[in-house]
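User: I am new to this structure. Please take a close look at a single part of it, and then set that part against the rest.

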Amino acid sequence: MVKYESFVNEVKKQLEKRQRRALESASQFVLGETSLRCPIDTGNLKGSYHRQIDMSELVAYVGTNVEYAPYVEFGTGIFAENGQGRKSAWAYQDDVGNWRVTRGARPQPHLRPAFADNRDRIRMLIERELRG
């Protein structure tokens, strides 16, 4: 009589390992591209980007918790993407106490293009890791 031997658990472990490597590789690549493209003033924004992997959803996140990041990415005031910004000039007091007038800041996209411009490369990285 032939004895049945299951390798399902080993296959599942190997698949999960490859999926994790694929997400790590892709997210590390996007993180690097984001850092290369990120505009630098103080370096705070550039240094704040990080990645997180959620294996339960098979998703990798690249982002930052810096509160002004969306304003750099999408712009502000009259320059904001999709006309979402303020339509007139405004005044504010800078860190030194001087009053400034602005109409906003132009968008400096870096996170979105880091992903969008590299879709094929990201796909290749994922496929390579899944093949083992």
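Analyst: The side chain of Asp-94 reaches the backbone nitrogen of Val-96 at 3.0 Å. A polar atom of that side chain also lies 2.9 Å from the backbone nitrogen of Gly-97. These values come from a predicted model.

Asp-94 sits in the loop between strand E3 (90-93) and strand E4 (99-102). Its relative accessibility is 18%, and because the limit for buried is under 20%, Asp-94 counts as buried. The two strands on either side of the loop pair in the antiparallel sense over four bridges. One of the pairings is between Ala-91 and its bridge partner in E4, Val-101. Five residues lie between the strands of this hairpin, and in it Gly-97 takes a positive phi near 105°. Gly-97 is thus described twice here: by that phi, and by its backbone nitrogen facing the side chain of Asp-94.

Positive phi values also turn up outside this hairpin. Most residues other than glycine have a negative phi. Leu-58 is not a glycine, yet its phi is positive, at about 55°. Leu-58 is in the loop between E1 and E2, and it is partly exposed, with a relative accessible area of 41%. Asn-82, also not a glycine, has a positive phi of about 60°. This residue belongs to the loop between H3 and E3; its relative accessible area is 69%, so it is exposed.

Now for the rest of the chain. The protein has five helices and four strands, and along the sequence they follow the pattern α-α-β-β-α-β-β-α-α. The overall form is drawn out: the radius of gyration is 22 Å, where a compact globule of 132 residues would have one near 14 Å. Taken along the principal axes, the C-alpha atoms fill a box of roughly 90 × 25 × 20 Å. Of the 132 residues, 27% count as buried. Among contacts between residues at least 6 apart in sequence, 61% join residues at least 24 apart.

Helix H1 has 30 residues, which at 1.5 Å a residue should span 44 Å; the C-alpha atoms at its ends are 43 Å apart, and this agrees. The buried residues of H1 include Ala-22, Phe-29, Val-30, Leu-31 and Thr-34. The buried residues of this helix pack against helix H2 (44-48), strand E1 (50-54), strand E2 (59-63), helix H4 (111-116) and H5.

The largest nonpolar core has 14 residues, and those with the most contacts inside it are Val-30, Leu-45, Tyr-49 and Ile-122. Two or more residues of this core come from each of helix H1 (8-37), helix H3 (69-74) and helix H5 (119-131). H1 gives the largest share, four residues. Tyr-49, one of the core residues with the most contacts, touches residues from several places in the sequence: Leu-31, Thr-34, Cys-38, Gly-63, Thr-64, Ala-69, His-110 and Leu-111, leaving out those up to four places away.

Leu-125 lies in helix H5 and is buried, with a relative accessible area of 5%. Beyond the residues up to four places away in sequence, Leu-125 touches Ser-25, Ala-26 and Phe-29, which are among the buried residues of H1. Between Leu-125 and Gly-104 there are 38 Å in space, C-alpha to C-alpha, although the two are 21 residues apart in sequence.

A last comparison is with another buried acidic side chain. Glu-73 is in helix H3 and has a relative accessible area of 5%, so it is buried. Its side chain reaches the backbone nitrogen of Leu-111 at 3.0 Å. The side chain of Glu-73 also makes a polar contact, at 2.8 Å, with the side chain of Arg-112. Apart from neighbours within four places in sequence, Glu-73 is in contact with Glu-81 and with residues including Pro-107, His-110, Leu-111 and Pro-113.

To return to the starting point, the side chain of Asp-94 reaches the backbone nitrogen of Val-96 and has a polar atom 2.9 Å from the backbone nitrogen of Gly-97, inside the loop between E3 and E4.

Key. Residues numbered from 1 in each chain as written. Predicted model: local features only at pLDDT ≥ 70, side-chain atom pairs only at ≥ 80, totals over all residues. Heavy atoms only, no water. Core = buried A, V, L, I, M, F, W, Y, C linked by side-chain atoms within 4.5 Å. Buried < 20%, exposed > 50% of the residue type's maximum accessible area, 1.4 Å probe, protein only. Contact = heavy atoms within 4.5 Å. Expected span 1.5 Å × (residues − 1). Polar contact = N/O pair within 3.5 Å; in protein donor to acceptor, adjacent residues only side chain to side chain. Pairing = 2+ DSSP bridges. Rg over C-alpha atoms; globule rule 2.2 N^0.38 Å.
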